[in-house]
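Q: I'm new to this one and would like to learn how to read it. Can we go through it feature by feature?

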Amino acid sequence: MDADTTIPARDPKFAPIGNYEKTTETVADHMPAAGGAAHGINDEKRAASVDVDLKSETTDGDEAITDLFKPFPPLKGVIDEPNPLTVRAVVVGILLGSLVNASNVYLGLKTGFTFPATMFGAIFGFGFIQILTKVFPKVPYIGMDFGPQENSIVQASATGAGGLSGLFVAGLPAMYQLGLLSDDPKKDFGRIITITFVCAFFGLFAAVPLRKFFVINVARELNLVFPSPTATAMAIRSMHAVGSGAHDAMKKIRALGYAFIGAFVHIIVSQYADGILHNWHIFTWFYIWSGHSNWAQNIDNWGWYIQLTPAFFGSGILVGLNAAISWFGGTVFAFGIVGPILVHYGECIGVQILPDDPKWASWINFNSMRGIGEPGYVPSPRYWFLWPGVMVLIVYSMVEFVLHFKVLWDGMKYAFRESSISINNQLQKRGKSSAFFEKQAAKGLESSSLIEDFAPPDQQVATWVWVSGSIAFMAVACVVCHVQYEMNAGLAILACVLGIVFAFLSIYGGAVTDVTPLTASAKASQLVYGGITQNGYSVPDAQRINLIAGIYASGTADVATSLVSDFRIGFLLKTPPNKQFYAQAIGSIVAIFLAPAIFVLFMAAYPCVWHPDYIDDPYCAFKAPSVFAWKAVAVAVTDPKFPIPTSSGIFSIVMGVWCVFQAIFKNFYLVGEREKYRKWLPNWMSIGVAWVLGADSGYANAILFGAITAWWWRKYFPKNFETYAFAIAAGLIAGEGLAGVINAALELGEVSGGIVGSPVGSPGS
């Protein structure tokens, strides 16, 4: 899991599209079935898919969109944009991306999910700049005309500023839990910034050449639709259309704004009466009303309650029924059926929270992670299910990873042939020749894509820029690893190389299924370094190297995937790629300082996330599933005597084998006419998240309710759903996330709900 958790795959319904022949269907209606590797648990990130009716793209006399592998035709009435990289676009994008960054640290620590700033930046950025143009119509640089290309610059800046949060909700807290860094994250602020700096810019520079491969050369051949980036580009185009497009855009903006404000206010206010306004512990209420009947409290002990969480209701709108039902079903199976059976037969135990209070002696914590490895240790149900959860997340994503490995080979051939063309041209200029390079250059020219790149050389990122940048930041990575983390240069270079490999496969996964396998990237890196450090390293050194390498590899892949997705949006809107590159780079500079600062803020307010003495606190506001998953893998691959319960280990192996079977069955049998049956397969990424999260149904209930609401809404009010659904979801997610940052500040100021609020309605009250 990365923050590892990405949003789970969307409800799989539709077959991939080839050439887009029709003009009355939506991008979402043609999304490939998604049930493979999820983003991460940051792990992985997944952009919200937005339905855009192509009919709306042909109003007011505009030319119809008939091919998604060509730039969109220009909109009538929209002026040319000679330089879309403006100060106002970058500033607005950074502000919006910063909100998402703050939100993602909060949401990632809650459940491992993080959300990209793509659609939030596109929609809210449109509204914000439109207001500026109306309020300050004659002010230079503020009141000038606003077009779709500048809108994509806003979105790219937001993506840069909103990124990198995955590092702080998985690998880094895991290092603190294992005692591999200092005893206070504030003391490590400098070296946290350096590792963030390297991940951001090495991934950014290394991703530049991947644009030509994925967006231009093989997009049509491999049917790389990039569902979410394409939907974002279509949404931007629609908002800038004269007439109904602009009217619908304002509806979306208002809906997003109201949802954002409502979620923000709710999360801040509800903490002061948590048991009434936020968490409904219904069975605890029965326990109190019935005169302390133990049966009722025992149900609540297993995490069966309702949480009024706007963010995860919004995520339910995004992920669809398959992922939501899988998560809820995994929770029921683990902590409604198997967990109680394990406790009944003594395989697992819970821990009394208030053993000295006779009224609350039946309040039990089944998520305890204390005492692992000590003599006579009996695991909690959460620890028992941690290993099957991690196994499912690793195996399913890795199998999907391997099944699509051919694209990496294709990329290597493409890179070699492109190099051959360049070498052959240079030899010919000097009056020389090479039969070998002539042959390879001819193959490269023969296999060239029919897609024409709209951007001339002066709009491309110069070769010397990305080559020198990649080399420079690989060198910086070597220095940082050696000086700050006692990791030699060879291991640092390998981490960077793995990051490029994983970026290649993550971009492909996102382009085909809208789900980027960053979890697989992190876990694959941890497995590789687990083997490398088996001999000659102490356990703490091996664990530190393991986690740092995983952070480098997954962070690099994450940033590179985001940039190529932005390049896809820019390709469709004819935004110069070099302008997008600079916009995301400027946004990333902000994220390099912002994300570590927010991380330190949360760690100071909530030591239960990282401090070994407090990670078992039942009152902790964060379950941090990605943290425990990264920690578990690091410990398992560096210590052969790690105490995994035998029954848990056997069950983990069985689940791993089953995941392999399902992945093969889906990719080789459920194809063609049978592909429609993929939607009935369980989403193992969601199930793995549920198992690692522990006995807690609050998020599963919220996401399920959101998914059911979205299904009903779309079925009976499709036009209304198309207009409002995803804007509302983005607002709910960002609103709760930002409120979480405010709550952390209130916690440090000792005026939070946990200190001055009422505990009425909560267990232990």
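A: Sure, and we can start with surface patches. Patches are made of residues with over 30% relative accessible area and no salt bridge (a side-chain nitrogen of Lys or Arg within 4 Å of a carboxyl oxygen of Asp or Glu); like charges are joined within 9 Å, and nonpolar side chains (Val, Leu, Ile, Met, Phe, Trp, Tyr) within 5 Å. Accessible areas come from the Shrake-Rupley method with a 1.4 Å probe, and for residues only the protein chains shown count as cover. Keep in mind that this is a predicted model: local features need pLDDT of at least 70, side-chain atom pairs count only at pLDDT 80 or more, and totals for chains, interfaces and linings use all residues. Residues are numbered from 1 along each chain as its sequence is written, and side-chain values use heavy atoms, with hydrogens and water left out.

Q: Which residues form a nonpolar patch on the surface?

A: Ile-131, Val-135, Phe-136, Val-139, Tyr-141, Ile-142 and Met-144 do, with about 630 Å² of accessible area together. Take Phe-136 as one of them: this residue lies in the loop between helix H2 (118–135) and helix H3 (148–162). Helices (H or I, at least four residues) and strands (E, at least two) are DSSP runs, numbered from the N terminus.

Q: Is Phe-136 buried, exposed or partly exposed?

A: Buried means under 20% relative accessible area, exposed over 50%, and partly exposed in between (1.4 Å probe, protein chains only). Phe-136 has 38%, so this residue counts as partly exposed.

Q: What do the totals for the protein look like?

A: The protein has 25 helices and four strands. Of its 765 residues, 61% count as buried. The protein exposes about 28500 Å², and carbon and sulfur atoms supply 65% of that area.

Q: How is a pair of aromatic rings described?

A: By the distance of the centres and the angle of the planes. Rings of Phe, Tyr and Trp (its six-membered ring) pair if their centres lie within 6.5 Å; planes under 30 degrees apart count as stacked, over 60 as edge-to-face and the rest as tilted. By this rule there are 51 aromatic pairs. In one of them, the ring centres of Trp-384 and Phe-385 are 5.0 Å apart and the planes stand at 65 degrees, so the pair is edge-to-face. Phe-602 and Tyr-606 make a stacked pair, with 6.1 Å centre to centre and 25 degrees between the planes. Trp-384 and Phe-385 are both buried, and Phe-602 and Tyr-606 are buried too.

Q: Which aromatic cluster includes Trp-384 and Phe-385?

A: Those two join Phe-333, Phe-335, Phe-651, Trp-684 and Trp-691 in one aromatic cluster.

Q: And what about charges over rings?

A: A charge sits over a ring if NZ of Lys or CZ of Arg is within 6 Å of the ring centre and within 35 degrees of the ring normal. Arg-211 lies over the face of Phe-567, 5.9 Å from the ring centre. Likewise, the charged end of Lys-715 sits over the ring of Tyr-716, at 5.7 Å from its centre.

Q: Where does Arg-568 lie, and what is this residue in contact with?

A: Contact means heavy atoms within 4.5 Å. Arg-568 lies in helix H18 and is buried, with a relative accessible area of 1%. Leaving aside neighbours within four places in sequence, Arg-568 is in contact with Leu-68, Val-215, Val-225, Phe-226, Pro-229 and Thr-230.
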